[in-house]
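Here is a short tour of one protein chain, written for someone just starting out. Keep the 3D view open while you read, and click along as we go.

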Amino acid sequence: MKKILRNIILTTAVVSGSVFAADSSQQVALSDLHFATTPNGMQQIEGNGINTTNQTLKHVFVKFNLLQNNTVVGQTIAMVESLEAGQSWKVQAPYNSFSVKPDSFKVT
């Protein structure tokens with residue numbers, strides 16, 4: 001199980017850049033990651049993900065460190081299950097903006 005999770009956890013991303021899975025197989029690609037406000041006023045990190053493999057990925061987790069002045073002040077996670085080969089995914093990782101005021105984030 002750890003090996004599967006390790007293979008789908010993503011590496012460091014620039015706020016609006018692209019990122020690939022941590023291993024050399026590049027199973028998931030992320031793009032257009034940015035802070036956003038939902039219609040109900042919640043804060044989240046959102047962007048796009050795509051399964052770049054020829055197989056369904058059962059569980060994909062993207063963990064973000066929330067940063068303020070390059071110091072970790074919180075964490076959030078986005079998750080999807082059964083992401084089919086070539087299928088896109090709208091990444092959404094909400095966080096509590098009342099207690100955390102990040103100015104950037106990093107995919108961990």
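## A walk through the strands

Let's begin with one pair of residues: V62 sits opposite A78, which belongs to β5. Keep in mind that you're looking at a predicted model.

V62 makes a handy starting point, since V62 is among the residues with the most contacts inside the largest nonpolar core. We'll come back to that core in a moment. Strand β4 covers residues 57–68, and eleven bridges join β4 to β5 in an antiparallel arrangement.

Now zoom out a little. β4 and β5 belong to an open sheet of three strands, in the order β5-β4-β7, with antiparallel pairing. The edges of this sheet are β5 (71–83) and β7 (104–107), and each of them pairs on one side only. From one strand to the next, the twist averages 25 degrees.

What does the whole chain look like? It has one helix and seven strands. Reading from the N terminus, the order is α-β-β-β-β-β-β-β. Of the 108 residues in the chain, 41% are buried. The exposed surface comes to about 6,300 Å², and carbon and sulfur atoms supply 51% of it. Among the contacts with a separation of 6 or more, 51% are between residues 24 or more positions apart.

Back to the core. In soluble globular proteins, nonpolar side chains tend to be buried together. Here the largest nonpolar core has 19 residues, and V60, V62, F64 and W89 have the most contacts inside it. At least two residues of this core come from each of β2 (28–37), β4, β5, β6 (88–95) and β7. The largest share is that of β4, with five residues.

Which residues does F64 touch? Leaving out residues up to four places away in sequence, the list includes L33, I45, A78, V91, A93 and F105. A78 should ring a bell: that's the residue opposite V62.

Next, have a look at β2 and β3. Eight bridges join these two strands, which run antiparallel. One of the partnerships is between A36 and Q44, with Q44 in β3. The hairpin they form has five residues between the strands, and G41 takes a positive phi near 90 degrees there.

Is Q43, a residue of strand β3 (residues 43–51), buried or exposed? Q43 counts as buried because its relative accessible area is 19%, and the cut-off for buried is under 20%. The side chains of Q43 and T37 are joined by a polar contact of 2.8 Å. Beyond residues up to four places away in sequence, Q43 touches A36, T37, P94, Y95 and S97.

For a contrast, find N54 in the loop between β3 and β4. N54 counts as exposed because its relative accessibility is 81%, and exposed means over 50%. The C-alpha atoms of N54 and E84 are separated by 8.1 Å, although these residues are 30 residues apart along the chain.

Here are those two residues side by side:

| Residue | Relative accessible area | Class |
|---|---|---|
| Q43 | 19% | buried |
| N54 | 81% | exposed |

To finish, return to β4 in your viewer: β4 is joined to β5 by eleven bridges, and β4 gives the core its largest share of residues.

How values were computed:
Residues numbered from 1 in each chain as written. Predicted model: local features only at pLDDT ≥ 70, side-chain atom pairs only at ≥ 80, totals over all residues. Heavy atoms only, no water. Pairing = 2+ DSSP bridges. Helix = DSSP H or I, 4+ residues; strand = E, 2+ residues; numbered from the N terminus. Axes fitted to C-alpha atoms, helices over the stretch in contact; angles between N-to-C directions. Buried < 20%, exposed > 50% of the residue type's maximum accessible area, 1.4 Å probe, protein only. Contact = heavy atoms within 4.5 Å. Areas by Shrake-Rupley, 256 points an atom, 1.4 Å probe, with all protein chains shown as cover. Core = buried A, V, L, I, M, F, W, Y, C linked by side-chain atoms within 4.5 Å. Polar contact = N/O pair within 3.5 Å; in protein donor to acceptor, adjacent residues only side chain to side chain.
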